[in-house]
Amino acid sequence: MQIITTKAELEQNVQACKMKGQTIGLVPTMGALHEGHASLVRRCASENDVTVVSVFVNPTQFNNKEDLAKYPRSLERDAALLESIGAHFVFAPTPEEMYTAEEMNEPFRFDFNGLDSMMEGAMRPGHFNGVVQVVSRLFYLVKPDRAYFGEKDYQQLAIIRFMVGCSSLAGTFGDLQIIGCPIVREASGLALSSRNERLSAEEKQTALAISKTLFASQKWAKEPNATVKEVEQRVVDTINAVDGLEVEYYQIVDQTTLLPTDTFRHAIGCVTVYCGPVRLIDNIKY
Ligand code: AMP
């Protein structure tokens, strides 16, 4: 496995693999890797000849400077894990290597056709612009055959699918396939997240109420005459009743359009909860 820090070196190495007729898979990450990331990398390694993993805490997708500063970083440990699960190249650039000063400071704008106007997009203005800025750059550099994203960040996955399929970009990324991978959870139900590292043992225990409530809501949705609005409210009330948890939003939306829905068919519930100072996200399909 090779660790690469410059765009030029990345392009050269990937090009050499393509010349040999090898297929390329890409897994974009921000590091502080856990089993959730590892599941994406393993799947990528099983479906492609060459696996490229980017480890880059992308400053342009953080609308909160403190969150960016506190984001965990552990490249050495990440590299050891990636080597053990079959990655071939780790791309770990500095922000200066990725962006010019102008690109870093001038907000990048992309029209998401409304997909960014709710949930994470509403709470974190500019967040998805930053995500698309970095992911599209990685796609241009690596020109992968397949790219892997977790369903844990469900809205992000929907937006990346939209970007790749967007008519103004049609063909830009070739036949790139976007592969969504299921959420990996601890045995307790807690969705794995790099942010869990910031939870105390007690907070981690408290946070279990999030997934427990989401799982319970699948049963609530099956009760006679259950409505989407009632289940949404019950989820919010149940989580907020736990000391130390505060729901930022819980919305049940259509799995494809992300628009509010009044039926549980093809629906997904997406939640963001503050556990003390740590912002956690999770979701459940109905
Ligand atoms: P991040 O490093 O948080 O930007 O995540 C990199 C990729 O890993 C994204 O596509 C995430 O959706 C995915 N990911 C993060 N946590 C999980 C998880 N618990 N299960 C599955 N995928 C995950």
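A polar contact is a pair of N or O atoms within 3.5 Å. By that cut-off, the 2.9 Å between an oxygen atom of the ligand and an N or O atom in the side chain of His37 is a polar contact. The model is predicted, and in it the ligand sits in the largest cavity, which has a volume of about 850 Å³.

**Ligand contacts**
- Backbone atoms also take part, since an oxygen atom of the ligand is 2.8 Å from a polar backbone atom of Gly150, and a nitrogen atom of the ligand lies 2.8 Å from a backbone N or O atom of Val184.
- The protein covers 93% of the 490 Å² of accessible area that the ligand has on its own.

**Shell around the ligand**
- The ligand is surrounded by 17 residues, the closest being Met30, Gly150, Asp153, Val184 and Leu192.
- These shell residues divide into nine nonpolar, six polar and two charged, and helix 2 gives the most, with three residues.

**Largest cavity**
- Of the 46 residues that line this cavity, Met30, His37, Lys152, Asp153 and Gln156 are the closest to its centre.
- Helix 8 gives the most to this lining, with six residues, and the lining as a whole divides into 23 nonpolar, 16 polar and seven charged residues.

**Second largest cavity**
- About 80 Å³ of space lies in the second largest cavity, whose lining includes Lys152, Leu190, Asn196 and Asp282.
- Strand 9 gives the most to the lining of the second largest cavity, with three residues, and this lining divides into six nonpolar, two polar and two charged residues.

Definitions and conventions:
Residues numbered from 1 in each chain as written. Predicted model: local features only at pLDDT ≥ 70, side-chain atom pairs only at ≥ 80, totals over all residues. Heavy atoms only, no water. Near = heavy atom within 4 Å. Polar contact = N/O pair within 3.5 Å; in protein donor to acceptor, adjacent residues only side chain to side chain. Areas by Shrake-Rupley, 256 points an atom, 1.4 Å probe, with all protein chains shown as cover. 1 Å grid on protein atoms, 1.4 Å probe; cavity = no way out; pocket = protein on both sides within 12 Å on 5 of 7 lines; lining within 4 Å. Sits in = over half its atoms within 2 Å of the grid points. Helix = DSSP H or I, 4+ residues; strand = E, 2+ residues; numbered from the N terminus. Nonpolar A, V, L, I, M, F, W, Y, C, P; charged D, E, K, R; others polar. Points joined across faces, edges and corners; volume = space filled by probe spheres on them.
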